[in-house]
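These are my notebook entries on a two-part reading task: how the pieces of a structure are arranged, and how they touch. I set down each look-up in the order in which I made it.

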Amino acid sequence: VFAHLEMLEARAREADMKEEEAKQQEEKLARLKARVQQLTRQRDELQAKVDLQQKGQLGKEGVTSDPAQPSTQAVLEWKIKRVKDMLQVFCLTGISGKLTEQGVCFCISTAYDGTYLDSYYLDLLTKPEVRILRHSIPTFIPLEQLAKKYLQTDIRRFLSVLSNHLNAYAARRYQADQLQEHFSDQIEGTLQTNSLCNLLVFNYYVSNKSKTFPFNVRLLYGDLCSSIPTEVTVSCT
Amino acid sequence: MDEVVAEYIRRTVLKIPRDEIRTMLQQWGFLSEAQLQTINFCQIKENISQHVVQLCEENAARIKQAAVLDIIYNHIYSNKRLWSVYQMNKTGEETDFFDLTDFKKKFKRRLRSALTNVTINFREYEDNAIWIRIAWGTPYTKPNQYKTSYVVYHSQTPYVFISVSVLKSNLPLLCQALVAASNSHDIREMELRSHSLNSLKDIVFKRYSQNFQSYYPKPLQETNVAPESDLRIIQENKNEKERIKIINSEVFGDGPQPKLEFAQYKLETMFKSDPQMNVLDRKEPFRCLVKFSSPHLLESLKSLAPAGIADAPVSPLLTCIPHKARNYFKIKDKKYVSSISFVSP
């Protein structure tokens, strides 16, 4: 019996101790929370004071020329916005550029028939001579050839010719995609083309009353700067 | 039907994961829809493959059709093979019209003139990729359908992607045939290898994300605004984090990076040490090989600076990988400047 009572007493003491500990921790937590709130309030007050001081300094200058300053500020902002919009509009012309640290970065945008297609970039170095640093132009466009011919001598011509190549390629590809999409019921299978889209071969049907005539078409685009074929062969198979 | 063909079809079907078998057979198009309906795709693969072989027997399949199924499998699971990139140089400046039939004819003729016992199959895909499958034999034995090489070629580009096969000795033959078929001068191996074929294509075709400076209006991106967890928490290093983010974005671009598994740097530089230590006073280059490997190397390099593990900007030796289109480098000292070597910082 004695042992049992001792055990119960020990348990009661343990429980008490645990309760004490828990209470202490809660108190500690409450104190820390209060401290955090106090510090945050202090910081906010100091921040407000700093802001006020800064504004106060500005205010001193502004008070003297108040009517004039807002308008010059507004005019400057309007000018900057206008220039930025102009620069964005330039991108719609097809060839636009931006000066970089080492040279200039050109953006060539392609479009066909009122639809804007992909844009390609050309990062050029200007010193010691004009060189291509990096670009996002597809490999089947003869960039190296054009660069060898025109880059050093006449950069305007280089950009113009390159833009023609890219626009023509984008136009040919767009036309091929549209053909495939809109006439898929009349074309047998898929169009056979190549990376530059300068050779297009496909079969299609023309039906007259009850008979259908299969035709084979071969479009050859001899001029890489043109989106119109130079040679067309239509044969009835 | 030939036993070899039957066994080959059976083994190819066994390779395909069960869920994909139906779609792949449909893509193959050799078995009719009615025949495909008769197959129970819920049974064990062993039985499925046997059933497929039976149906192929009915349709009298030959090695040509079996090879097409193999190409389809490798096209979808191209990441199971290691791809190397080769570059060809063109002869003249005239416009290349690229006639597909002409290309195939020249390739077959050139390869068969050197080695008659080969099986060659072609398959074209919508992105203008031409897949070539070659099964190699020897002058005395028939082609072994399990010893295959794959070539992926995009018309009018100088790049060819070759999956290295077991028989490296046939590589020169393959290269010669490619050079002849594409009207090129010569071919050389670029130091660029990966399991992800699409990533290799992205790198050489310059389709990966590069950050170009321009005034071109960027389309508004949905910025994932993380909900402010607690207004009382202030980022002390916000400016620094912003700076790192901007520099990182300039170097790596904003989009996903091409997937490479490793970058290897072979150092042939002199060991720079305290002269008093007297290490390697024979003035020989210190040969050392550093290899970085990762499931997605470029993404991990991109996250080095934001994670605080490296300073921004990250070393140009690491960031030039997509631009130089190589992941094997030889680094020499400043004295020996050549086109492929680098100056180590």
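**Entry 1: The domains of chain A**

I began with spacing, and found that the C-alpha centres of domain 1 and domain 2 of chain A lie 31 Å apart. I note at once that the model is a predicted one. The domain assignment places domain 1 of chain A at residues 91–169 and domain 2 of chain A at residues 186–236. I then looked up which residues meet: the contact takes seven from domain 1 of chain A and six from domain 2 of chain A.

I next looked up the area. The size of an interface is often given as the accessible area lost when the parts come together. Between domain 1 and domain 2 of chain A, about 630 Å² is buried, and carbon and sulfur atoms give 73% of this. On the side of domain 1 of chain A, Phe140(A), Ala168(A) and Tyr169(A) supply 61% of the area buried against domain 2 of chain A, more than any other three residues.

How many salt bridges are there between domain 1 and domain 2 of chain A? I recorded a count of zero. For polar contacts between these two domains, the rule likewise finds zero residue pairs with both at pLDDT 80 or more. Helix α4 of chain A, residues 155–182, gives the most to the side of domain 1 that touches domain 2, with four residues. I sorted that side of domain 1 of chain A by residue type and obtained five nonpolar, two polar and no charged.

**Entry 2: Chain A against chain B**

I turned to the two chains and noted that 36 residues of chain A are in contact with 29 residues of chain B. The area buried between chain A and chain B is about 2900 Å², with 58% given by carbon and sulfur atoms. In chain A, the residues that lose the most area to chain B are Lys98(A), Arg134(A) and Thr139(A), together 21% of what that side buries.

Which residues form a salt bridge here? I found Asp99(B) paired with Arg218(A), the closest N and O atoms being 3.8 Å apart. The rule finds one salt bridge across the interface of chain A and chain B. It also finds eight residue pairs in polar contact across that interface, both residues at pLDDT 80 or more.

I listed the elements of chain A that each supply at least two residues to the side touching chain B: α2 (68–91), β1 (95–99), β2 (103–112), β3 (115–125), β4 (131–135), β5 (187–192) and β7 (211–220). By type, the residues of that side of chain A divide into 15 nonpolar, 16 polar and five charged.

**Entry 3: The domains of chain B**

For chain B, I recorded three assigned domains: domain 1 (3–63 + 71–79), domain 2 (81–204) and domain 3 (242–332). Taken over C-alpha atoms, the centres of domain 1 and domain 3 of chain B are separated by 45 Å.

**Entry 4: An annotated span**

I consulted the UniProt record, an unreviewed entry, which annotates residues 5–56 of chain A as a "coiled-coil region". In the model, this span of chain A is 100% helix and 0% strand, and its end C-alpha atoms lie 76 Å apart.

**Entry 5: Backbone exceptions**

Most residues other than glycine have a negative phi, and most peptide bonds are trans. I looked for departures in chain A. The peptide bond from Lys127(A) to Pro128(A) is cis, with omega near -10°. I located Pro128(A) in the loop between β3 and β4 of chain A. Asp113(A), although not a glycine, has a positive phi of about 55°. I located Asp113(A) in the loop between β2 and β3 of chain A.

Terms used:
Residues numbered from 1 in each chain as written. Chains lettered and ligands numbered in written order. Predicted model: local features only at pLDDT ≥ 70, side-chain atom pairs only at ≥ 80, totals over all residues. Heavy atoms only, no water. UniProt positions renumbered as here; feature names shortened; annotations may be inferred. Contact = heavy atoms within 4.5 Å. Buried area = accessible area lost by both parts, 1.4 Å probe. Salt bridge = Lys/Arg side-chain N within 4 Å of Asp/Glu carboxyl O. Polar contact = N/O pair within 3.5 Å; in protein donor to acceptor, adjacent residues only side chain to side chain. Nonpolar A, V, L, I, M, F, W, Y, C, P; charged D, E, K, R; others polar. Domains from an automatic or database assignment.
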